[in-house]
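User: I would like to understand how the descriptive terms for a protein model are justified. Could the reasoning behind each term be set out step by step?

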Amino acid sequence: MSTSKPQTYCTFYLDRYYFGIEVELVQEIIRFQEITPVALAPHVVKGLINLRGQIVTAVDLRSLLELPDRQPDEVPMNIVVKTQLGAFSLLVDRIGDVLELSDDSFEAPPDNLQGMARELIQRAYKLDGSLLLTMAIEKVVSADVLNRRQAA
């Protein structure tokens, strides 16, 4: 008999990959907002957005996970997350569904994850026809990760 309570995830896509973050961390999901670039910001920080008077740092998860850039006509969506460091906007390709998954159905992340993904993916869930990778959001927005130089 399983005693673990189900975990609810907000899901999204980056390139051909399917990701999830705990729904409790999501403040809101919004369409693309104008981003003001910040001089000398790390390459994964695309700039700042003004969210009804709240200044929020926009982080491009494609850049962070070293995935190919979006096509010029592809407009990202914003998942605004609440963290100990404040609100951050995560730029994603498109939003998926909200899924409720039991804790006992997860597996360790795949061994073939490379680079930053190896550090940021905390769990993997096998679903019908896809693999959901869950992200450790506090790690994603940590200064250590955001300021890391991309490997040459």
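Analyst: The questions below concern a predicted model, and each answer sets a value against its criterion.

User: What makes the pair Tyr13 and Tyr18 stacked?

Analyst: Two rings pair if their centres lie within 6.5 Å, and planes under 30 degrees apart count as stacked. The ring centres of Tyr13 and Tyr18 are 4.8 Å apart and the planes stand at 25°, so both conditions are met and the pair is stacked. Five aromatic pairs are counted by this rule. In addition, one aromatic cluster is formed by Tyr9, Phe106 and Tyr125.

User: Why is Tyr18 called buried, and why is Tyr13 called partly exposed?

Analyst: Buried means under 20% relative accessible area, exposed means over 50%, and partly exposed lies in between. Tyr18 has 9% relative accessibility, which is under 20%, so Tyr18 counts as buried. Tyr13 has a relative accessible area of 21%, which falls between the two limits, and is therefore partly exposed.

User: Which charged residue sits over the ring of Tyr13?

Analyst: The residue is Arg94, whose charged end lies 3.8 Å from the centre of the Tyr13 ring. The distance limit for this term is 6 Å, and the charge must also lie within 35 degrees of the ring normal. A second case is Arg123, which lies over the face of Phe106 at 3.8 Å from the ring centre.

User: How do you know that strands S1 and S2 pair?

Analyst: Two strands pair if at least two bridges are found between them. Strand S1 (residues 7–14) and S2 are joined by six bridges, so the criterion is met. The two strands run antiparallel, and Cys10 stands opposite Ile21 in S2. In general, the strands of a sheet pair through backbone hydrogen bonds.

User: What is notable about Asp15 in the loop between S1 and S2?

Analyst: The phi of Asp15 is near 55°, a positive value in a residue other than glycine. With 31% relative accessibility, Asp15 lies between 20% and 50% and therefore counts as partly exposed.

User: Why do S8 and S9 count as edge strands?

Analyst: The open sheet has six strands in the order S8-S1-S2-S11-S10-S9, with mixed pairing. Strand S8 (94–101) and strand S9 (106–107) each have a single partner strand, so one side of each is left without a neighbour in the sheet.

User: How many residues lie between S4 and S5 in their hairpin?

Analyst: Two residues lie between these strands, and Arg52 in the turn has a positive phi of about 50°. Strand S4 (residues 45–51) and strand S5 (residues 54–60) run antiparallel and are joined by six bridges. Since pairing requires at least two bridges, S4 and S5 therefore pair. Leu51 stands opposite Gln54 in S5.

User: Is Leu40, in the loop between S3 and S4, buried or exposed?

Analyst: Leu40 has a relative accessible area of 89%, which is over 50%, so Leu40 is exposed. Its phi is near 65°, again a positive value in a residue other than glycine.

User: What residues line the largest pocket?

Analyst: The lining consists of 16 residues, of which Tyr17, Leu67, Leu113, Ala117 and Leu133 lie nearest the centre of the pocket. By class, eleven are nonpolar, three polar and two charged. Strand S2 (17–22) and strand S11 (130–135) each supply at least two residues of this lining. The largest pocket has a volume of about 360 Å³.

Note on methods: Residues are numbered from 1 along each chain as its sequence is written. This is a predicted model: local features need pLDDT of at least 70, side-chain atom pairs count only at pLDDT 80 or more; totals for chains, interfaces and linings use all residues. Side-chain values use heavy atoms; hydrogens and water are left out. Rings of Phe, Tyr and Trp (its six-membered ring) pair if their centres lie within 6.5 Å; planes under 30 degrees apart count as stacked, over 60 as edge-to-face and the rest as tilted. Buried means under 20% relative accessible area, exposed over 50%, partly exposed in between (1.4 Å probe, protein chains only). On a 1 Å grid over the protein atoms alone, a cavity is a set of points where a 1.4 Å probe fits but cannot get out, and a pocket is an open set with protein on both sides within 12 Å along at least five of seven lines; lining residues have an atom within 4 Å of a point. Grid points are joined across faces, edges and corners, and a volume is the space filled by probe spheres set on the points. Helices (H or I, at least four residues) and strands (E, at least two) are DSSP runs, numbered from the N terminus. Ala, Val, Leu, Ile, Met, Phe, Trp, Tyr, Cys and Pro count as nonpolar, Asp, Glu, Lys and Arg as charged, and the others, Gly among them, as polar.
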